[in-house]
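Visitor: Hey, I've got a structure open and I'm a bit lost. Can you walk me through some of it?

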Amino acid sequence: MKKDEVAMNIIGKKCECFFLGHIVKGKITAIKTNENLCSVYVTFDNPEPWGNEVHKGAWFSFDVTYKIGCLDSVIIDEKSESEHIKYYTMRKIILLILTVFFVSACNRNNILKTKESIITDSVEVVNKKNILMSSIITISNIIPLETSELSILGEIEKIIKRDGLIYVKSRHRPLALFDEKGHFIHNIGKIGSGPEDYSMLADFDVNKKEIYILTINKIQVYDLEGNWVRTIPLDLNASGIRLTDDKMIIFALDNENVIHLLDNSGHNIKSLLKRNQALRICRNISFVKYGNYILFPMGRSNDILAYDNSENGVFKKISYLSSGQLSNEEESDFMENNRSYEKEFDNLGFFDGMTTDNTHVIFPYIKKGKIILWIKNIITSQIQAYELSSLKNDLTFSSTHSFFLDNLEGEDAFLTYVMPYKLKEYLQKAQHQEKNQYYVRLNEVMENCEDEGNPILIEYKIKDFYEKVSF
């Protein structure tokens, strides 16, 4: 869109725009232009609270060279406002895509809008030929978790490995700690009502010295030996936690905003992302590490909130794929107004979580019943993409889909797990694979495992340079 088309007589026009994750109404009261940038100032009909501040308006800008930005804005036809929103048009209906700028460029509560994506999918080729998973993945370690009266686990909800230690969150059980060989060490605290207990284990995270257990309206902190250290009271009821270098990020559904950056004493530094229907999706791992970023996938949309550890705590909005995909606002609108939104999501395409290790990220993209598995080397930026149906699991002999789980987080390798009784079934059906190295290894492990015992943890790595093995 050209500058003169934007700058035509729109001062005084009413408009709707996306401001920090939700729609606000206001009136255009000023315009600024230069060679590449057009900006309008919108005075809001109702002041917008943001953290400890209240905003009466904001500048919205877009780059006329690239014709893109990060926030939507539309002009309302005053004569038909009650009927619908009327877009300005040139040759066709155009959605003005704008980037929000505060009056103060240094406003620390702003989410920096970027065009950054994890993968530029327009230049990548998706493999559709049948290949063996062993041609792109290698199993580096198999760890049966010890089963005993003290260590018996419930339904697995989250497993992470940090500094060689394995932490397991399971339903109706305290947090369990195992060593790198799967030997049970001890439980961390206990479920109870005492001052050093937690009434429920909502989530947890770990740094090099302490374990933070998120429970109702507080965080219980323990040392690595399992000793209670302190309680951090919270004025919100949260379901997800992630520790940063010197702060923590909280995901809370029962608050006006769903993301909260806190200091180590639990005091709020900033709150962001207005709650909507799409953000109500809870994952067992709310926050995912990706290089210097801590990522919060925004529902099943293409949008991701990224906390940049390398830039003094800047929040950015990035995306899975560079191509135009479902936005968080669109997803929320579908969920609120369309009873058949699941079908709409499948037609448009959506994302279903991600998993990472120190060097790679994996995430599935689902569209029209097909699942594309995207894999990226974070260090070299090498990309691999596969139709999931093209991969044959010759590693654990289960379904390919069940191999890639998003409720586990590894370090130097990805994690997955299989229950012993299930693995026994898979191996019995795959006896023709008896010469397969992974069949042999898993069969040996099963000789020392109880069918109803704790899960068998599997560490695996991505082969960046490989020879495809067809079948």
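Guide: Sure, we'll go through a sheet and its helices, then a couple of loops and a pocket. Keep in mind that this is a predicted model.

Visitor: Okay, the sheet first. Which strands are in it, and in what order?

Guide: Three strands form an open sheet, in the order β9-β34-β33, and the pairing is antiparallel. The edge strands are β9 (137-144) and β33 (414-418), each of which pairs on one side only.

Visitor: How much are neighbouring strands turned against each other?

Guide: On average by 30 degrees, ignoring direction.

Visitor: And how many bridges join β9 to β34?

Guide: There are 7 bridges between β9 and β34, which covers residues 456-462, and the two run antiparallel. If you want a spot to click on, Ile142 stands opposite Ile458 in β34.

Visitor: I see helices around there too. Which strands does α6 touch?

Guide: Helix α6 (residues 437-446) packs on the sheet and touches β9 and β34. The direction of α6 makes about 5 degrees with that of β9.

Visitor: What about α5, what does that lie across?

Guide: Helix α5, residues 420-429, lies across β33 and β34. Its angle to β33 is about 85 degrees.

Visitor: New topic! Where is Asn393?

Guide: Look in the loop between β31 (391-392) and α4 (400-403).

Visitor: Is Asn393 buried or exposed?

Guide: Buried: Asn393 has a relative accessible area of 7%, and the cut-off for buried is under 20%.

Visitor: What does Asn393 touch?

Guide: Leaving out residues up to four places away in sequence, Asn393 touches Met133, Ser398, Ser399, Thr400 and Phe403. With Ser398 there's also a polar contact, side chain to side chain, at 3.2 Å.

Visitor: Nice. And Ser310, why do you call that one partly exposed?

Guide: Because its relative accessible area is 48%, and partly exposed means between 20% and 50%. Ser310 is in the loop between β24 (303-308) and β25 (314-321). Ser310 and Asn292 are 18 residues apart in sequence, and their C-alpha atoms are 6.1 Å apart in space.

Visitor: Last one: what volume does the second largest pocket have?

Guide: About 690 Å³. The second largest pocket is lined by 27 residues, and Arg162, Val206, Asn207, Arg242 and Lys289 lie nearest its centre.

Visitor: Which strands help line that second largest pocket?

Guide: β14 (203-206), β15 (210-215) and β18 (240-243) each supply at least two residues of the lining.

How values were computed
Residues are numbered from 1 along each chain as its sequence is written. This is a predicted model: local features need pLDDT of at least 70, side-chain atom pairs count only at pLDDT 80 or more; totals for chains, interfaces and linings use all residues. Side-chain values use heavy atoms; hydrogens and water are left out. Two strands pair if DSSP finds at least two bridges between them. Helices (H or I, at least four residues) and strands (E, at least two) are DSSP runs, numbered from the N terminus. Axes are lines fitted to C-alpha atoms, for helices over the stretch in contact, and angles run from 0 to 180 degrees between N-to-C directions. Contact means heavy atoms within 4.5 Å. Buried means under 20% relative accessible area, exposed over 50%, partly exposed in between (1.4 Å probe, protein chains only). A polar contact is a pair of N or O atoms within 3.5 Å; within protein, one must be able to donate a hydrogen and the other to accept it, and residues adjacent in sequence count only if both atoms are side-chain atoms. On a 1 Å grid over the protein atoms alone, a cavity is a set of points where a 1.4 Å probe fits but cannot get out, and a pocket is an open set with protein on both sides within 12 Å along at least five of seven lines; lining residues have an atom within 4 Å of a point. Grid points are joined across faces, edges and corners, and a volume is the space filled by probe spheres set on the points.
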